[in-house]
Amino acid sequence: MVLQELGGKLSAALRKLQSTTVVDEEVVKAIITEITRALLESDVNIKVVMELKKNVEAKINRSEDASGASKKRLIQQAVMEELVAMLDPKTPPYQMKKGASNVIMFVGLQGSGKTTTIAKFAHYYQRKGWRVAMVCADTFRAGAFDQLKQNATKLRVPFYGSYTEADPVRIAEEGVEQFRKDRFEVIIVDTSGRHKQEDALFEEMREIQAAVQPDNCVFVMDATQGQAVADQARAFHEAVPVGSVVITKLDGHAKGGGAMSAVAATKSPITFLGSGEHFDDLEPFVASSFVSKMLGFGDFGSLLRELQDTNDPGMDPKKMMDRMTKGQFTLRDFYQQIQGVLKLGPLNKMMGGMMPGIPDTAQQKRFLYMMDSMRDDELDGKVDIAGNEKRVTRIARGSGTRVEEVQLLLRQHKAREKVVAQMGKSGMMNAATDPAM
Ligand code: GDP
């Protein structure tokens, strides 16, 4: 998971809240101190951290008279809301238009992960059924075209480039023109990077931008530099109209929180996070879903959006979400969730990380067989199965599985039900699923 370390520290602080009986001033102070320390260790700018602290305190103080459970909920909600606010650039990103040619120009410094991100980006849209093509307008770095060609071949994506033409503007123009004519929907243009920000880089970027008139410029930056990336983000933003930002190398990097909050502060919309060197290691970014996942609540919002994208007619995500918002999560909901996740195919792997507690594919299928052997009243949570040994045995026999496996299913369902109930009560479910946040 991205920002595992920071997430671990933040959720540990919030967990302490759950285990205390009296929520007095001292407890609140200790928790806020722990949260601010964790953020500073993740290289979040001190001003941003102080602002977050002030806002959380203000929200808590405003409802001085709240007590016990409601106070706990209030603190959790305030922390969650402020973390979301800290990571939300509050600028809508470019929206891809299906059926049209979307020309997307990628910019960034050399080594930021631009070429790798382009392959991941191509893979992401290709998997969703878009017609994707790539143009290599990086004539500065030796081997750039070969690297793009290699990735494109692996992905079976058409590509355009040249070993002999030295003018990147000409290549970009020709490639884009050809792919537009062939009605490709996502035409990705890779541009040169440099080791550092310099005039030649920005001049070339401006020329290509003027020549191909991209629908969006995606700025790729490396998270390992922490909050120092703010300057970089600003400089690129001033040179070309950056419509979205991809932050790479967030896998296991301690400074990731700093980079993400710094970019958000420049009001550049973050659209994806890179979390590894493989084509699958790209996650769409929505601040509320991200925070929910980082705090260990699972990414219900993204899962829901992915499920909606797969257009499964047997699934009514809205109804399921309505119930989940109220803290209800039946075996039937679990069934539908597993079924939806299985339908996602290769996305399934990603879901493992999004939904803690979702078992592997073989186990998921066996869970479905077991639930196929259950009665409606059991699936709808009207009667309890766990305490009914006879029913557990019948279900195991009916589905060709073992009693222990049925018990495992029931335990996993209970664990998920608990998380959902906790999120429903704290109001986090709404925050995690509201794409407008
Ligand atoms: P470019 O010069 O900006 O095109 O950068 P590359 O795409 O060639 O990437 C530079 C290095 O960073 C390569 O070794 C990539 O494998 C690596 N890289 C790119 N993205 C990620 C990421 O999200 N996580 C990790 N760990 N490595 C990455």
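The shell around the ligand comprises no nonpolar, 12 polar and 5 charged residues, where Ala, Val, Leu, Ile, Met, Phe, Trp, Tyr, Cys and Pro count as nonpolar, Asp, Glu, Lys and Arg as charged, and the others, Gly among them, as polar. The model is predicted, and local features need pLDDT of at least 70, side-chain atom pairs count only at pLDDT 80 or more, and totals for chains, interfaces and linings use all residues. Residues are numbered from 1 along each chain as its sequence is written. Of the 17 residues around the ligand, those that come nearest are G113, K114, T115, T116 and G274, nearness requiring a C-beta atom, placed from the backbone, within 6 Å. Helix α5 (residues 114-127) gives the most to this shell, with 3 residues; helices (H or I, at least four residues) and strands (E, at least two) are DSSP runs, numbered from the N terminus.

An open sheet of 8 strands follows the order β3-β2-β4-β1-β5-β6-β7-β8 with mixed pairing, two strands being paired if DSSP finds at least two bridges between them. Its edge strands, each pairing on one side only, are β3 (159-160) and β8 (282-284). Strands β5 (residues 216-222) and β6 (residues 242-248) run parallel and are joined by 6 bridges, with V220 standing opposite V246 in β6.

The axes of helix α9 (residues 229-239) and helix α10 (residues 256-265) come within 8 Å and cross at roughly 35 degrees, axes being lines fitted to C-alpha atoms, for helices over the stretch in contact, with angles from 0 to 180 degrees between N-to-C directions. In this contact (C-beta atoms, placed from the backbone, within 7 Å), V229, A230 and A233 of α9 meet A259, A262, V263 and A265 of α10, and the residues divide into 7 nonpolar, no polar and no charged.

How values were computed. Two residues are in contact if their C-beta atoms, placed from the backbone, lie within 7 Å.
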